[in-house]
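Biologist: Before I use any of these labels, I would like to hear what stands behind each of them. Could we go through the model together, term by term?

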Amino acid sequence: MSEAVSRYRDPAGESPTWRVLLTLVAVAFLAIVVILPLITVFYEAFRKGAAAFFEAFQEPDAIAAIRLTLTVAAIAVPLNLVFGVAAAWAIAKFDFRGKTFLVTLIDLPFSISPVISGLVYVLLFGAQSYLGPILKSQGIQIIFALPGIVLATVFVTFPFIARELIPLMQEQGTGDEEAALSLGATGWQTFWYVTLPNVKWGLLYGVLLCNARAMGEFGAVSVVSGHVRGLTETMPLHIEILYNEYNFAAAFAIATLLALLALVTLALKTLLELRYGDEIAAGRKH
Amino acid sequence: MDVRIKNIRKEFARFPALNGLSLDIASSELIALLGPSGSGKTTLLRLIAGLEQPTEGQIFFGDEDASLKSVQERNIGFVFQHYALFRHMTVAENIAFGLKVRPADTRPAKSEIRKRVSDLLDMVHLSGLEKRYPNQLSGGQRQRVALARAMAIEPRVLLLDEPFGALDAKVRKELRKWLREFHDRTGHTTVFVTHDQEEALELADRVVVMSQGRIEQVGSADDVYDRPGSPFVHRFIGEASEVPVRIENGEVWIDDRTVGLKAEGNGPATLFFRPHDVDFLEGCGGCFEGVVVGSRRLAGARRLEVELGGSRHRIEVDVPVDHPAAMKSGLNFRPRHWAVFPTNG
């Protein structure tokens with residue numbers, strides 16, 4: 001048996017030496033780039049003891065930052081849920097002029113630097129912009145306030161849900177919808193009872209990724225936030241400030257929250273992929 | 001419910017899928033739309049359903065112009081090629097769907113819906129499977145669930161798109177017989193699409209043979225098989241051997257000789273016959289005469305490839321396995337039934 005293994009080698013395989021070497025390279029790379037920093041975050045956070053760790057969360061500015069981050073995510077994620085489902089629905093189920101262009105537009109936030117997306121909003125709604133004076137006269141503040149942060153976050157996280165749903169819906173085609181319509185269902189009933197349940201796991205997956213990014217977004221939010229402590233600082237911005245003030249323990253303490261968010265997201269994502277992988281990725285037919 | 005299709009034309013992005021065709025379907029009739037891919041048969045079915053809108057023309061359900069109505073208002077039962085069962089719903093929920101989505105004033109009570117579902121499951125011989133999900137069923141079972149779901153809304157017309165297309169040969173034969181009985185019992189006007197001529201001939205009261213967005217012929221299985229109305233129908237339904245011939249003085253000629261067949265008309269034509277429908281002759285005073293150049297065994301016969309004398313045109317003829325003609329190198333024969341169609345141009 002062992003002879004057979006050595007004599008007949010898998011045509012697509014590599015020699016054992018190469019396999020071990022390549023695996024080692026991959027593991028070493030992962031350790032340096034991913035695992036080590038993660039450990040560092042938790043190590044630094046607890047270096048001055050658990051008391052110092054929990055103290056970081058007592059600070060009013062920290063509490064405000066956490067609250068703001070949750071608020072922004074609570075607005076941005078549902079908005080993108082609606083936008084994403086609407087865009088995916090339109091693209092996957094209907095044919096219209098400019099469809100390819102729309103798909104490209106959806107990808108824009110992925111390909112553009114977040115700082116630029118932030119700047120765009122400053123140029124649009126800032127004090128120096130054309131709209132600035134009008135907004136100011138109405139007492140509406142967008143830049144350096146919650147609306148601006150939400151806008152920037154929505155922009156940056158828009159593709160996550162749409163991108164997840166489009167291939168899934170395209171793969172499923174319009175057969176189920178046509179069946180529902182032929183049975184007398186209205187368009188809304190068809191969407192609610194047929195289309196949405198068909199993509200529910202993919203949707204959850206998209207929401208998860210969208211939420212993780214919404215809470216962790218730094219670049220775009222940094223530009224529009226104005227860094228008003230306790231008012232317009234989200235968690236990532238607050239961490240940066242603490243770090244720049246050499247308050248490492250507090251900075252890393254808050255950072256553990258984001259790291260935990262990442263780990264939970266990863267765990268849920270893996271779970272979803274394991275259980276409903278065939279309904280998330282394209283390729284499911286009954 | 002009778003269905004009348006009047007001068008229907010359908011274009012997809014300027015490309016004509018249906019070229020102004022008309023068809024009358026009688027109440028309680030079982031009709032097959034038969035044709036190769038791209039013949040427009042599925043488009044016609046979807047137009048009747050209201051899943052597509054015609055570019056021109058009208059469709060009547062009884063006296064009512066259905067072409068102005070949406071798919072929901074038409075009240076049709078549609079069985080999709082891949083069944084399109086709702087995968088997150090059980091068998092019972094799938095069947096009940098059409099009743100549950102009705103507006104409150106026409107929706108039956110819950111108990112009534114449950115009874116209807118159980119009756120329908122009974123009718124399609126699937127009682128006991130109501131709690132299953134579609135992916136826990138075999139192909140044939142899904143097919144019957146799809147049919148029960150379509151029947152639940154008491155449709156005026158039942159439309160089936162390639163109903164047996166995704167099933168294996170054995171199940172296909174069983175379901176075919178079963179569908180015929182089902183139709184005879186329920187008496188719904190039923191239209192089904194198929195590219196399988198055997199299915200169409202065996203199952204349908206009338207077969208509509210389609211090609212390139214047109215109806216080539218409408219008729220019973222006997223009509224389309226024994227009296228094909230065009231070269232296309234003759235080629236498409238059953239086997240066909242064809243020979244280029246000439247018609248002169250009421251006789252069919254191959255090159256410079258007559259073959260003993262009478263025909264109307266004048267000029268070049270194509271003669272069609274069934275390979276298995278020939279008489280073998282000993283002597284040849286005006287018949288088809290050729291040299292056997294190839295032989296293949298079919299299930300119940302031997303198929304000979306014969307090169308005709310003179311024109312050297314090759315045709316196929318089936319010979320019973322134990323027939324002496326199968327062993328000879330030369331063959332004299334005359335088709336028992338044949339058709340000639342003038343060659344255009």
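Modeller: Helices and strands are DSSP runs numbered from the N terminus, a helix being H or I over at least four residues and a strand E over at least two. By that rule the place of Ala84(B) is in the loop between β6 (76-79) and α3 (91-100) of chain B. This is a predicted model, in which local features need pLDDT of at least 70 and side-chain atom pairs count only at pLDDT 80 or more, while totals for chains, interfaces and linings use all residues. Residues are numbered from 1 along each chain as its sequence is written, chains are lettered from A and ligands numbered from 1 in the order in which they are written, and side-chain values use heavy atoms, with hydrogens and water left out.

Biologist: Why is Ala84(B) called buried?

Modeller: Buried means under 20% relative accessible area, exposed means over 50%, and partly exposed lies in between (1.4 Å probe, protein chains only). Ala84(B) has a relative accessible area of 8%, and therefore it counts as buried.

Biologist: Which residues does Ala84(B) touch, not counting those up to four places away in sequence?

Modeller: With contact taken as heavy atoms within 4.5 Å, Ala84(B) touches Gly175(A), Asp176(A) and Ala179(A) of chain A, and Arg149(B) of chain B. By contrast, Ala84(B) and Trp253(B) are 55 Å apart in space, C-alpha to C-alpha, and 169 residues apart in sequence.

Biologist: What makes the meeting of Arg87(B) and Asp176(A) a salt bridge?

Modeller: The term asks for a side-chain nitrogen of Lys or Arg within 4 Å of a carboxyl oxygen of Asp or Glu. The side chains of Arg87(B) and Asp176(A) come to 3.4 Å, N to O, so the pair meets the rule. Between chain A and chain B the count is 2 salt bridges. The side of chain A that touches chain B draws at least two residues from each of α9 (175-182) and α10 (187-198) of chain A, and the largest share, 7 residues, comes from α9(A).

Biologist: How many residues does each chain give to the contact, and how much area is buried between chain A and chain B?

Modeller: The contact takes 21 residues from chain A and 21 residues from chain B. The size of an interface is often given as the accessible area lost when the parts come together. Here buried area is the accessible area (1.4 Å probe) that two parts lose on being put together, summed over both, and for chain A and chain B it is about 2,000 Å², of which carbon and sulfur atoms give 58%.

Biologist: Why is Asp196(B) called buried, and what makes its approach to the side chain of Arg172(B) a polar contact?

Modeller: At 17% relative accessibility, Asp196(B) falls under the 20% bound and therefore counts as buried. A polar contact is a pair of N or O atoms within 3.5 Å; within protein, one must be able to donate a hydrogen and the other to accept it, and residues adjacent in sequence count only if both atoms are side-chain atoms. The side chains of Asp196(B) and Arg172(B) make such a contact at 3.3 Å, and the side chain of Asp196(B) also reaches the backbone nitrogen of Glu198(B) at 3.0 Å. Asp196(B) itself is placed in the loop between β8 (189-194) and α7 (197-203) of chain B. Leaving aside neighbours within four places in sequence, Asp196(B) is in contact with Leu34(B), Arg172(B) and Arg176(B).

Biologist: Why is helix α1 (residues 41-49) of chain B described as largely enclosed by the rest of the structure?

Modeller: Of its 9 residues 8 are buried, so α1(B) is largely enclosed; among them are Lys41(B), Arg46(B) and Ile48(B). Gly50(B), with a positive phi near 95 degrees, follows α1(B). Over chain B as a whole, buried residues make up 50% of the 345 residues.

Biologist: Into which domains is chain B divided, and how many salt bridges are counted between them?

Modeller: The bounds come from an automatic or database domain assignment, which gives domain 1 (3-234) and domain 2 (241-342) of chain B. Their C-alpha centres lie 41 Å apart, and the contact takes 7 residues from domain 1 and 6 residues from domain 2. The two domains bury about 590 Å² between them, 61% of it on carbon and sulfur atoms. On the side of domain 1, Tyr225(B), Pro231(B) and His234(B) lose the most area to domain 2, together 86% of what that side buries. The count between the domains is 0 salt bridges, alongside 3 residue pairs in polar contact (both at pLDDT 80 or more).
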